[in-house]
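Me: Got a structure here that I'd like to walk through. Can you help me read it?

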Amino acid sequence: MEEIERVLNEALKFVVPSEEEYRRAKEAEEELKRRLEEVLKKYPQLEYRFLGSYARDTWLRGNLEIDVFILFPEDTPMEELERIGLEVGKAVVDEYELRYAAHPYVHGLVKGVEVDVVPCYKLKSAERIKSAVDRTPFHHDWLKDRVKGKENEVRLLKRFLKVAGIYGAEYKVRGFSGYLCELLVVFYGSFLNVIRNATEWTRNTVIDVPAGKVYRKKGSGFFVVDPVDPKRNVAANLSLDNLARFVLLCREFLKKPSIEFFLEKDFEVPSDEVLAEEIEKRGTGLCAVVFERPDVVEDNLYPQLEKACRRIEEFLRRENFLPLRSGFFAGEKCVLLFETQVRELARIRRHEGPPFEEEEHVERFLKKERNYRPFLEGGKLWVYVERRNCRVEEAIADLIRREWKGMGKNVGEKLREGFEVLVGRDVLKIEEGEFKKFLVDFLCIKCERLL
């Protein structure tokens, strides 16, 4: 216990914002307030609120971002909310870009600090929400007093998750959202209590926050009840593998507490020569489908990449290439990556026919023109047929050309326009930012860690 407390005290140095960060934050907040009050003179029906982790002081050191919500009357048409919301956002930040959630919002800078300006409806009840962002004021009101005194506990949990690569509910990560972190700390009371209890979580665990109880319900999936909307699962975006990853990390931390769990680490990517040797040594079919990245937001792109991967992997399994793993990467270009146990199949395969008792089916089967004569085995007719494709890369390319429409709207269109399939060591020709790190992780290669 003493060792855990020592580690957590040391970890606070890496999670609590510095005095300089607080100073910059306050300056940006005051300037943002001044600008908002000036701009909103034109729109007396609107008001603004600071919400999110900044407003509740649960933001992480080095991750300062201010969320300000522009509240519109409930009877405002959605088109008007979007138009005026963007107009206000653009007017109060120094430079901006448009981002998208339930609807467009403005992301920009104020005195060098990142700011999100998000329009939403001012509602009397969470039951009347029109889009997901309308819940945010209710989330803030539920949390603001309950999280007081536990801010650093939330920060410890966020940092623990961030180092593990599972902080963030966006589809790219499919991890724990900031709101989920705060709920867990409020529910269990501290970071350490979250960690201790998480060691017993399963895929069927239900954490009923408003009822104050935990139970298991078969088939429910991991479910954290939203106190603002009891039908909503706050952990809906959390993938099963990331839940499992967190549970395993919690067990490991309690057995061997270390500051390493709070220090972001990197690893040294082996040279291309070493990676090429590993690829050859494995004797597998490693294939990368490379194509232009569609111009869509990440939360639309990643589900489509996953869908395309899944469709191709299922095809490889049906065709007996015995896939080991599949994955996807998105940089300036997109990559669908597959590794199979079989690189090349025989030119012919067995095709199953009817049992001898089914006279009509047997007759139709025997009438078909084929290059090989049928044979009997186990009371059934069989015949050898020629494969459409024998090599894994040819099979993948052929499938994409035939079935690109089933691989996601935007991804499918880009695949139709053109793609390249790289095989084996040629995969190392892909020069896309972090791709080599992704490849090392995909191949499960052990590497030297760099602090």
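**Helix H7 and the pockets**

Reply: Sure. This is a predicted model. Start with helix H7, residues 178–188: 10 of its 11 residues are buried, so the rest of the structure largely encloses it.

Me: Which residues in H7 are buried?

Reply: Gly178, Tyr179, Leu180, Cys181, Glu182, Leu183, Leu184, Val185, Val186 and Tyr188. Buried means under 20% relative accessible area.

Me: What does Gly189 do just after H7?

Reply: Gly189 takes a positive phi there, about 100°.

Me: New topic: pockets. What volume does the largest one have?

Reply: About 2,400 Å³. It is lined by 47 residues, and Ala164, Gly165, Asn242, Arg245 and Asp441 are the closest to its centre.

Me: Which element supplies the largest share of that lining?

Reply: Strand S11, residues 323–330, with 6 residues. Others supplying at least two residues each include helix H6 (151–164) and helix H9 (240–255).

Me: And how does the lining of the largest pocket divide?

Reply: Into 21 nonpolar, 6 polar and 20 charged residues.

Me: What about the second largest pocket, what's its volume?

Reply: About 2,000 Å³. Of its 43 lining residues, Tyr105, Ala169, Glu170, Ser177 and Gly178 are the closest to the centre.

Me: Which elements give two or more residues to that lining?

Reply: H7 is one of them. Others include helix H3 (52–56), strand S2 (65–72), helix H5 (136–146), H6 and H11.

Me: How do the residues of that second lining divide?

Reply: There are 18 nonpolar, 11 polar and 14 charged residues in the lining of the second largest pocket.

Methods
Residues numbered from 1 in each chain as written. Predicted model: local features only at pLDDT ≥ 70, side-chain atom pairs only at ≥ 80, totals over all residues. Heavy atoms only, no water. Buried < 20%, exposed > 50% of the residue type's maximum accessible area, 1.4 Å probe, protein only. Helix = DSSP H or I, 4+ residues; strand = E, 2+ residues; numbered from the N terminus. 1 Å grid on protein atoms, 1.4 Å probe; cavity = no way out; pocket = protein on both sides within 12 Å on 5 of 7 lines; lining within 4 Å. Points joined across faces, edges and corners; volume = space filled by probe spheres on them. Nonpolar A, V, L, I, M, F, W, Y, C, P; charged D, E, K, R; others polar.
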